[in-house]
Structure formats: C-alpha cells, structure tokens
Amino acid sequence: MLTRILIFCALIGGLLSIGARAARAQSSLEVPGPSNQYQPYIPPQQAPPPVIRLAPSDGDSGNTIQLLPGWTQPAQPQAAATPPPPPPHVNVAPMTAQAAPALPAVFRGCWQGQVSELDWIRSEPGAHKIGFWTPKTYRLCYEQIGNQPFQLTFTETGVEASDKIINPRGRVVPISTDGRAYATMRSQLDFNEYKTHNDGFSFSPTFAVNEITNLDCRIAGDDMLVSADVFGSRDGDPWFRAHWRADFHRFEN
C-alpha cells in the first residue's frame with residue numbers, strides 16, 4: 001500500500017515539472033512584427049489650401065482679404081497691347097475751279113505750246129509697253145466769261161486732234177500762286193489713241209488714255225515757261241510716268 005502511494009506521488013511531481021518547463025519555453029518565444037511588404041497603402045495628403053481671413057486695416061471697411069504667409073498669389077498674365085488706331089482717311093479735294101486761287105493778271109488770255117519730246121519716260125510695273133511719244137499741242141486759257149470770275153480751262157480741242165489722237169477733252173485747275181508771275185496747276189486730259197497693232201486684248205482700234213499732269217508755270221514776257229510731271233493710264237490701268245518742259249506762247253482765239 002505504501003509503495004503505491006509513493007509511485008503515485010512521483011508521477012504527480014513529474015507531471016508538474018514538465019508543465020513548468022513548457023510554460024517557460026512558451027513565454028520566451030518572440031513573434032516578429034509584420035513585414036513592410038504587407039503594410040497597408042496610405043495615400044499622400046495634399047497640402048492644405050491657403051488660409052484666407054478678413055483683416056480690416058486702418059481706414060478699411062473690413063472687407064480686405066489678407067493672405068497668410070506661405071502662399072504667393074500667381075502673377076496675372078499681361079493683356080496684349082492694344083494696336084494703335086489706323087490713320088484717319090484723307091479726302092483729296094476734287095479738281096474744281098471754284099476752290100482754286102485767283103491767278104495774277106499776267107496769266108489772262110490763251111496760251112499754246114507743243115511738247116514734241118520728253119526729258120524722260122518710264123513704264124509702270126506690269127504695264128503695257130510704251131510706244132513712241134505722240135507730240136501734243138496743249139492749249140489752255142485763263143478767261144472771263146460774262147460777269148463770272150476768271151477761270152482757267154482747256155479749250156474744247158485741249159490737244160489738237162491728229163491721225164493718232166481723237167476725242168481730246170480736258171480741264172485744268174490752279175493750285176497755288178505767288179501773286180506775281182508764278183503758279184502751279186493740275187490738269188486732267190482724256191483722249192483716245194489709235195493702236196499701232198492689234199494687242200490681242202480688244203478688237204477696238206483705239207484705247208483710252210488719261211493723263212494727270214502737275215504743271216509749274218512762270219510768265220516770262222510773252223512766254224509761259226512750263227515744266228510738267230505726267231502720270232498716264234491706259235484703259236484705266238497705270239501706264240507710264242514722264243517729265244517734259246515747253247514754252248507756251250500767247251494764242252489769239
């Protein structure tokens with residue numbers, strides 16, 4: 001009986017010793033932390049917007065917006081420069097004798113001169129070829145008709161008709177004068193000129209010529225010394241520029 005009691009006590013003691021060693025081993029185990037590979041993704045946070053507060057200043061109504069330091073207002077784009085306005089349109093005064101100055105008495109009467117040669121002539125870019133200069137006899141008068149003021153005009157012939165020129169008609173207006181013996185004038189002369197050959201552009205035997213001429217005129221005794229710059233057009237298109245000089249003589253109608 002005693003032997004059985006001793007065996008039983010020995011078994012109980014062994015079991016208790018084994019349980020104590022197992023508890024000490026379990027408490028000494030270290031559990032590693034979770035690896036970074038399995039950490040949850042945390043999105044980056046945006047910077048907070050600038051703080052705006054109303055901060056009244058001296059003499060302010062309290063509605064001024066003040067930005068706290070740490071935020072700079074972006075620069076505003078500069079507006080495109082406004083182009084300057086176009087220059088005003090200049091109206092050219094019509095060629096009328098009513099607005100023209102009165103010429104000195106030495107210009108009264110009729111004057112006639114022939115222009116046989118030119119000092120120079122050149123064609124306008126892309127214009128028709130210039131042929132030989134057709135000698136022209138210019139005739140202008142500064143006369144009084146009835147009780148009207150003296151007027152400067154081309155006569156009905158203007159340029160004497162020839163076998164090359166038909167239907168001449170023209171007019172002239174004074175531009176300026178020194179009040180003694182010098183004056184500038186501007187003339188407009190229209191006529192039809194016969195073609196020397198068929199140009200392939202029209203079946204008409206003639207073409208229309210328009211000449212605008214600026215005249216410098218000076219009286220010297222019984223002569224009028226004239227220097228002229230001419231701009232010519234053909235059928236409405238720029239044609240040539242030329243310069244000539246001639247002596248005009250008094251002409252009795």
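**Exercise 1. Getting a feel for the chain**

Among contacts in the protein chain between residues at least 6 apart in sequence, what percentage join residues at least 24 apart?

*Solution.* Start with the ground rules. This is a predicted model, where local features need pLDDT of at least 70 and side-chain atom pairs count only at pLDDT 80 or more, while totals for chains, interfaces and linings use all residues. Residues are numbered from 1 along each chain as its sequence is written, and side-chain values use heavy atoms, with hydrogens and water left out.

Step 1: a contact means heavy atoms within 4.5 Å. Step 2: of the contacts between residues at least 6 apart in sequence, 51% join residues at least 24 apart.

Step 3: look at what the chain is built from. There are 1 helix and 11 strands, where helices (H or I, at least four residues) and strands (E, at least two) are DSSP runs numbered from the N terminus. Along the sequence the pattern reads α-β-β-β-β-β-β-β-β-β-β-β.

Step 4: check the surface. The chain exposes about 18,800 Å², with carbon and sulfur atoms supplying 57% of it; such areas come from the Shrake-Rupley method with a 1.4 Å probe, and for residues only the protein chains shown count as cover. Of the 253 residues, 25% count as buried. Buried means under 20% relative accessible area, exposed over 50%, and partly exposed in between (1.4 Å probe, protein chains only).

**Exercise 2. Into the core**

Find the largest nonpolar core and say which strand gives the most to this core.

*Solution.* Step 1: a nonpolar core is a set of buried Ala, Val, Leu, Ile, Met, Phe, Trp, Tyr and Cys residues joined through side-chain atoms within 4.5 Å. Step 2: the largest one has 30 residues, and Phe107, Met185, Leu215, Met224, Trp244 and Phe248 have the most contacts inside it. Step 3: strands S3 (109-115), S5 (136-144), S7 (165-177), S8, S9, S10 (223-234) and S11 each put in at least two residues. The top contributor is S11, with 6 residues.

Step 4: zoom in on Phe107. Leaving out residues up to four places away in sequence, Phe107 touches Tyr142, Ala181, Tyr182, Ala183, Met185, Cys217, Ile219 and Met224.

**Exercise 3. One pocket, one cavity**

Work out which kinds of residue line the largest pocket and the largest cavity.

*Solution.* Step 1: get the terms straight. On a 1 Å grid over the protein atoms alone, a cavity is a set of points where a 1.4 Å probe fits but cannot get out, and a pocket is an open set with protein on both sides within 12 Å along at least five of seven lines; lining residues have an atom within 4 Å of a point. Grid points are joined across faces, edges and corners, and a volume is the space filled by probe spheres set on the points.

Step 2: take the pocket. The largest pocket holds about 560 Å³. Its lining has 24 residues, with Lys129, Ile130, Gly131, Phe132 and Trp239 nearest the centre. S8 (182-194), S9 (206-220) and S11 (237-251) each supply at least two lining residues. The lining splits into 11 nonpolar, 5 polar and 8 charged. Here Ala, Val, Leu, Ile, Met, Phe, Trp, Tyr, Cys and Pro count as nonpolar, Asp, Glu, Lys and Arg as charged, and the others, Gly among them, as polar.

Step 3: take the cavity. The structure holds 1 cavity of 30 Å³ or more, and the largest cavity has about 50 Å³ of space. Of its 10 lining residues, Tyr138, Leu140, Leu215, Trp244 and Phe248 are closest to the centre. S5, S9, S10 and S11 each supply at least two residues of this lining, which divides into 9 nonpolar, 1 polar and no charged.

**Exercise 4. Ala228 and a few others**

Is Ala228 buried or exposed, and which residues does Ala228 touch?

*Solution.* Step 1: Ala228 sits in strand S10. Step 2: Ala228 counts as buried because its relative accessible area is 0%. Step 3: not counting residues up to four places away in sequence, Ala228 touches Thr213, Asn214, Leu215, Ala242, His243 and Trp244.

Step 4: try Gly221, in the loop between S9 and S10. Its relative accessibility is 58%, so Gly221 counts as exposed.

Step 5: finish with Asn167 in strand S7. Phi of Asn167 is near 55°, a positive value in a residue other than glycine. With a relative accessible area of 47%, Asn167 is partly exposed.
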